[in-house]
Amino acid sequence: MLSDVTDIMADPQTGQPLALSADNTTLSSADGRGYVIAPEGFVVAKGPGAPLGDTGAMVHARETFLSGGQFGPFVEAVTEAVHDALDDAADPYLPHPVIVDLGAGTGYYLAHTLDDIAGAYGIGVDVSEPAATLLAASHPRVAAICADVTATLPVADHSVDVVTVVFAPHNPEECARILKKDGQLVVLTAVAGHLSQLRAPLGITDPDDDVLDKLNTLLGDRFSAVGPAEIVDYQMQLDQQAIATQISMSPSARHIDAATLAQRAATLPDRMNVTARAAISRFTPNS
Ligand SMILES: C[S@@+](CC[C@H](N)C(=O)[O-])C[C@H]1O[C@@H](n2cnc3c(N)ncnc32)[C@H](O)[C@@H]1O
């Protein structure tokens, strides 16, 4: 919850510390700048030009699909990578390590990790209000922030043990700023072959072959890889309903209208094997 992590929150405009009001409705700095806490429990910290993020329909589809457990191996891989990152820290026995998940969506990955790491606190950031609503309710040790991850985050310099980015936008500069010097960035990214059996029939695009090279280039001179990326690759048995839900939660939902997608999905077998394929990587900030 927010009070667990208020001591590492900072005004994105000024860097000043933020304090929680006694009635839990505002986070404000000594100079009077404040951020409202929505009745749904998330801090509203997005600027006027922020994108909307996922729609309510996409968030609902994600919640439905993830609750089926089809991405179980992905969530396990993220949690294991966070454990490994914490084990590598100067003090691997911190009572309350802080994990920040950027583009956290419904909180599925962060909540699973917090369940597995006793005492850890989580800060989930997502610009979508429907996502932030579910995020706020995802775990008792999650603080939810509705903010644009490509802008300055309301988190103090070098205060965070692990940042995770799971199928979400990046901000290497901010990750380097908020991570402790011995902290780590954990990234799960879809690679070529992910959902391959659905690409041609549904007309959706495959991740580029060089997606991992692009990630390394993006992180540039701010981060160094901790060993090679590991590929998580398995088969899911999906029925038509699960396929429709999977596509409705993906970026394809923005590019192909729902009726066309439904028409194409109806031509698929009732049940089919679909490849799930992503790379998990860890990075340390360069000093
Ligand atoms: C593909 S979803 C992944 C969600 C979650 N990490 C998961 O895998 O279940 C991408 C998420 O990033 C959010 N998002 C997109 N652009 C964003 C931005 N600029 N700032 C914050 N969140 C953003 C979307 O609202 C969405 O929840």
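Helices here are DSSP runs of H or I with at least four residues, strands are runs of E with at least two, and both are numbered from the N terminus. The views below all come from a predicted model.

**View 1. A salt bridge within helix H6.** Let's start with arginine 177 and glutamate 174, whose side chains meet in a salt bridge with an N to O distance of 2.7 Å. The two residues sit 3 residues apart in helix H6, so about one helical turn separates them. Arginine 177 and glutamate 174 are both buried, which means that each has under 20% relative accessible area. The pair also belongs to a wider group: Asp157, Glu174 and Arg177 are linked in a network of salt bridges.

**View 2. Helix H6 reaches a loop.** Glutamate 173 and arginine 222 form a salt bridge through their side chains, at 3.9 Å from N to O. Here distant parts of the chain are linked: glutamate 173 is in helix H6 (residues 172-178), while arginine 222 is in the loop between helix H8 (211-219) and strand S10 (223-225), 49 residues apart. Arginine 222 has a relative accessible area of 35%, so it counts as partly exposed. While you are at this loop, have a look at aspartate 221, which also lies between H8 and S10. Aspartate 221 is exposed, because its relative accessible area is 69%, and the cut-off for that class is over 50%. From the C-alpha atom of aspartate 221 to that of alanine 168 the separation is 21 Å, with their positions 53 residues apart along the chain.

**View 3. Strands S11 and S12 joined by a salt bridge.** Arginine 277 pairs with aspartate 233 in a salt bridge whose closest N and O atoms are 2.7 Å apart. Arginine 277 belongs to strand S12 (residues 271-285) and aspartate 233 to strand S11 (residues 230-239), so to speak of distant parts of the chain is fair, as the two are 44 residues apart. Both partners fall in the partly exposed class: arginine 277 has 25% relative accessibility, and aspartate 233 has 44%. If you would like to look for further pairs of this kind, the structure holds 12 salt bridges.

**View 4. A patch of negative charge.** Glu76, Glu80, Asp115, Asp116 and Glu230 gather on the surface in a negatively charged patch. Helix H3 (72-87) and helix H4 (108-116) are the elements that give two or more residues to this patch. One member to pick out is aspartate 116, placed in helix H4. Aspartate 116 counts as partly exposed because its relative accessibility is 42%; patch residues need over 30% relative accessible area and no salt bridge.

**View 5. Positions annotated in UniProt.** An unreviewed UniProt entry lists Phe71, Thr106, Gly107 and His194 under "binding site". Among them, phenylalanine 71 lies in the loop between helix H2 (56-67) and H3. Phenylalanine 71 has a relative accessible area of 3%, so it is buried.

**View 6. The annotated domain region.** In the unreviewed UniProt entry, the annotation "domain: Methyltransferase type" covers residues 100-187. Along residues 100-187 the chain is 27% helix and 33% strand. The C-alpha atoms at the two ends of this stretch lie 12 Å apart.

Notes:
Residues are numbered from 1 along each chain as its sequence is written. This is a predicted model: local features need pLDDT of at least 70, side-chain atom pairs count only at pLDDT 80 or more; totals for chains, interfaces and linings use all residues. Side-chain values use heavy atoms; hydrogens and water are left out. Patches are made of residues with over 30% relative accessible area and no salt bridge: like charges are joined within 9 Å, nonpolar side chains (Val, Leu, Ile, Met, Phe, Trp, Tyr) within 5 Å. Accessible areas come from the Shrake-Rupley method with a 1.4 Å probe; for residues, only the protein chains shown count as cover. A salt bridge is a side-chain nitrogen of Lys or Arg within 4 Å of a carboxyl oxygen of Asp or Glu. Lys and Arg count as positive and Asp and Glu as negative; His and the chain ends are not counted. The place of a charge is taken as NZ of Lys, CZ of Arg, CG of Asp or CD of Glu. Buried means under 20% relative accessible area, exposed over 50%, partly exposed in between (1.4 Å probe, protein chains only). UniProt positions are given in the numbering used here, feature names are shortened, and annotations may be inferred rather than shown by experiment.
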